[in-house]
Protein chains: 2
Amino acid sequence: MADHVDRVLKQWAAQRPDLDVSPMAVLGRLKRLSRLVEAETGRTFNAHGLDAASFDVLATLRRSDAPHRLTPAELMRSSMVTSGAITQRLDRLEARGLVSRSPSASDGRSVVVALTDAGRALIDEALPDHVATSAGLLAALTKEERDTVATALRTLLESLGDGKG
Amino acid sequence: MADHVDRVLKQWAAQRPDLDVSPMAVLGRLKRLSRLVEAETGRTFNAHGLDAASFDVLATLRRSDAPHRLTPAELMRSSMVTSGAITQRLDRLEARGLVSRSPSASDGRSVVVALTDAGRALIDEALPDHVATSAGLLAALTKEERDTVATALRTLLESLGDGKG
DNA sequence: CTCAAATAGCTTAGCGCTGAGATACATTGC
DNA sequence: GCAATGTATCTCAGCGCTAAGCTATTTGAG
């Protein structure tokens, strides 16, 4: 029973026995799994005329309190992409009529992004599918295993400063 | 004690209590952690004049049996990127004199990619740094926790077909 | 042997993101 | 009140990747 990373670790043990490459057992799998998960969830997004970037923005708006409005700066902090990326994501979503931009009343520099009715309808339609896809991706683990992994990943995220950012 | 994903889960519980979003406790953290790890390891690569893509190719060659030769197709299967991406990665590495391409003796369609002396020197210099960075990223977990996570991630990868591919 | 199907590698248009920088407005310290 | 600093958003050139498609070669079924 060996996955790709097991083979990689074995190769390193043969070629560089002086190095302790055990961190790769976690980080190598994290990277590969992340890619596979992105590919699979991406298919669900596509089925609803979306991609991961658009879904990310719509879902972030949707889960914020009604009336589902956030500024580009808030979207940026939630998404881990640069301000330029948010501008472009919003350009695309606005062109499709899924979000609206209006000037902020309280801050002359800022903009308020809101879900339109069409945007809200689309994300509410895509969400259950996305959740089902996500559950399917984790089906190989028991609930206890999922909790253990979630807890460990949270510990790592907190140690890296995610949570205050 | 709450990280970004805890807040997201709480928002979903308030906005869509009908959905079981618990898979996001794992997948949301996987995504964020993956991004943070990429950013941090990327800094180490940069410090050696590399990026993740170049390091990936050089490391894959380096850990294969001496004389560290692989075909583009083998590099492609190891890296989870398309053949076009491999062509371009090799173009860049070849231009810098870090790898060489020569026609395969046994298959007229194929090419053999080899680490040059300079390429091998560079990857051998960068590797210990990368391993140290990787270990640092996991410092918040005990060895037992790291093993538990690695095992769970392997289970997931195998369930998704990684390992036979 | 032959020819259709599979495989290897390369090409290129288009895409989303980054990084650097510009502009406008807000806040802070004096 | 005002200058200096910080913040919010947008712009855009450049980058690496994908997807689709091309050529050349190998494989395998009949």
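**Domain contact and DNA strand D in a predicted model**

Reader: In this predicted model, how much area is buried between domain 1 of chain A and domain 2 of chain A, and what share comes from carbon and sulfur atoms?

Author: Happy to start there. The two parts are domain 1 (1–47) and domain 2 (50–165) of chain A. Between them about 740 Å² is buried, and the share from carbon and sulfur atoms is 74%.

Reader: Which three residues supply more than any other three of the area that domain 1 of chain A buries against domain 2 of chain A?

Author: Seven residues of domain 1 of chain A touch nine residues of domain 2 of chain A. On the domain 1 side, 67% of the buried area comes from a trio: A:T41, A:T44 and A:F45.

Reader: Good to know! How many residue pairs are in polar contact between domain 1 of chain A and domain 2 of chain A?

Author: Salt bridges across this interface number zero. For polar contacts, counting pairs with both residues at pLDDT 80 or more, the number is three.

Reader: Turning to the DNA, which helix gives the most to the surface near DNA strand D?

Author: Helix 4 (72–79) and helix 5 (83–95) of chain A each supply at least two residues, as does helix 5 (83–95) of chain B. The top contributor, with five residues, is helix 5 of chain B.

Reader: Which side chain has an N or O atom 2.8 Å from a base nitrogen of DNA strand D?

Author: A polar side-chain atom of A:S110 lies 2.7 Å from a phosphate oxygen, so to speak of bases we look elsewhere. B:Q88 places a polar side-chain atom 3.4 Å from a base oxygen of DNA strand D. The partner of the base nitrogen at 2.8 Å is A:S83.

Conventions: Residues are numbered from 1 along each chain as its sequence is written. Chains are lettered from A and ligands numbered from 1 in the order in which they are written. This is a predicted model: local features need pLDDT of at least 70, side-chain atom pairs count only at pLDDT 80 or more; totals for chains, interfaces and linings use all residues. Side-chain values use heavy atoms; hydrogens and water are left out. Domain bounds come from an automatic or database domain assignment. Contact means heavy atoms within 4.5 Å. Buried area is the accessible area (1.4 Å probe) that two parts lose on being put together, summed over both. A salt bridge is a side-chain nitrogen of Lys or Arg within 4 Å of a carboxyl oxygen of Asp or Glu. A polar contact is a pair of N or O atoms within 3.5 Å; within protein, one must be able to donate a hydrogen and the other to accept it, and residues adjacent in sequence count only if both atoms are side-chain atoms. Helices (H or I, at least four residues) and strands (E, at least two) are DSSP runs, numbered from the N terminus.
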